[in-house]
Amino acid sequence: MPKGCLVITVSGLAGSGTTTLCRNLARHYGFKHVYAGLIFRQMAKEMGMTLEEFQKYAELHPEIDREVDRRQIEAANECNVVIEGRLAGWMVKNADLKIWLDAPIMERARRVAKREGISVEEAFVKIAEREKQNRKRYLNLYGIDIEDKSIYDLIINTAHWGPDGVFAIVKAAIDHLSPVGDAGEKKKEKEVG
């Protein structure tokens with residue numbers, strides 16, 4: 001693994017495997033795992049709302065998203081951290097490695113159904129609606145189109161590999177990170193200046 005201070009972002013839609021990958025990275029490398037989805041769920045619980053209710057509430061209250069995103073950006077000031085969240089790659093501009101995980105929606109619906117103990121059809125409708133709402137909210141709030149993948153260094157279709165395969169791909173990327181490049185140069189400039 002490269003020496004120094006690494007900040008990695010992992011983004012993807014529901015059921016793409018972001019949490020599994022982040023847990024594996026945290027366990028293997030000893031990274032701190034900052035999970036935007038958990039922050040969002042905790043805030044929903046604090047407000048006494050279901051995730052769906054809080055999602056709708058957040059659409060009308062942009063301060064919710066801004067608080068979640070503020071915590072992600074703040075976490076990027078630490079060393080050896082993996083930050084998980086749909087907008088993590090956008091929010092943490094100087095991350096050393098930005099990863100996007102993807103899979104076809106029916107595969108993701110099967111995974112969400114299994115995880116949440118609901119039917120595949122219910123999971124499909126739930127994630128399709130949530131993704132539509134999120135895309136609209138991110139466009140309105142930040143002018144970010146979640147479907148724009150141009151900022152990512154590594155995009156993996158997790159339908160082709162199991163969790164171990166995805167981890168192996170990302171581990172190879174981390175272990176072979178160049179100390180120079182966009183993020184490395186920016187950090188170097190920051191240290192000098």
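## Close-up views of a predicted model

E52, R115, E116 and K126 are linked in a network of salt bridges. The model shown in these views is predicted.

**View 1. Four charged side chains form a network.** The members of this network of salt bridges are E52, R115, E116 and K126. Side chains of opposite charge can pair when their charged atoms come close. Take K126 and E116: their side chains meet in a salt bridge, at 2.7 Å from N to O. K126 sits in helix α7 and E116 in helix α6, so this pair ties together parts that are 10 residues apart in sequence. K126 also forms a salt bridge with E52, where the closest N and O atoms are 3.4 Å apart. E52 belongs to helix α3 and K126 to helix α7, so here the parts tied together are 74 residues apart in sequence. The side chain of E116 meets that of R115 too, in a salt bridge of 3.6 Å from N to O. Across the whole structure, a search finds 13 salt bridges.

**View 2. How exposed are E52, R115, E116 and K126?** Begin with R115. Its relative accessible area is 53%, so R115 is exposed, the cut-off being over 50%. E52 has a relative accessible area of 39%, so E52 is partly exposed. E116 stands at 32% relative accessibility and therefore counts as partly exposed. K126, with a relative accessible area of 28%, is partly exposed as well.

**View 3. One cavity turns up in the search.** A search of the whole structure finds one cavity of 30 Å³ or more. The space in the largest cavity is about 30 Å³. Which residues line the largest cavity? They are A14, V112, E116, K126, I127 and R130. Two of these names return from the first view: E116 and K126 meet there in a salt bridge. Helices α6 (105-116) and α7 (120-142) each supply at least two residues of the lining. The largest share, three residues, comes from α7. Sorted by class, the lining of the largest cavity has three nonpolar, no polar and three charged residues.

**View 4. A stretch is listed in UniProt.** The unreviewed UniProt entry lists G12, L13, A14, G15, S16, G17, T18, T19 and T20 under "binding site". Of these residues, A14 is included in the lining of the largest cavity. Two other listed residues, L13 and T19, get views of their own.

**View 5. L13 sits in a loop.** The loop that holds L13 runs between β1 (7-12) and α1 (18-29). Is L13 buried or exposed? L13 has 18% relative accessibility, so L13 counts as buried, the cut-off being under 20%. Which residues touch L13, once neighbours within four places in sequence are set aside? L13 is in contact with R86, W100, L101, R108 and E131.

**View 6. T19 sits in a helix.** T19 lies in helix α1. Its relative accessible area is 16%, so T19 is buried. With neighbours within four places in sequence left aside, T19 is in contact with H33, Y35 and E84.

**View 7. The largest pocket has a lining of 41 residues.** About 810 Å³ of space lies in the largest pocket. Which of its lining residues are the closest to the centre? They are G15, T18, T19, E84 and R115. Several elements give two or more residues to this lining: β1, α1, α2 (36-46), α3 (51-60), α4 (62-75), α6, α7 and α8 (163-175). The largest share, five residues, comes from α1. By class, the lining of the largest pocket divides into 16 nonpolar, 15 polar and 10 charged residues.

**View 8. Some residues link the views.** R115 is among the residues closest to the centre of the largest pocket, and R115 also belongs to the network of salt bridges. T19 and E84 are in contact, and both are among the residues closest to the pocket centre. G15, T18 and T19 also appear in the UniProt listing for "binding site". E116 and K126 are members of the salt-bridge network, and they help to line the largest cavity.

Conventions. Residues numbered from 1 in each chain as written. Predicted model: local features only at pLDDT ≥ 70, side-chain atom pairs only at ≥ 80, totals over all residues. Heavy atoms only, no water. 1 Å grid on protein atoms, 1.4 Å probe; cavity = no way out; pocket = protein on both sides within 12 Å on 5 of 7 lines; lining within 4 Å. Points joined across faces, edges and corners; volume = space filled by probe spheres on them. Helix = DSSP H or I, 4+ residues; strand = E, 2+ residues; numbered from the N terminus. Nonpolar A, V, L, I, M, F, W, Y, C, P; charged D, E, K, R; others polar. UniProt positions renumbered as here; feature names shortened; annotations may be inferred. Buried < 20%, exposed > 50% of the residue type's maximum accessible area, 1.4 Å probe, protein only. Contact = heavy atoms within 4.5 Å.
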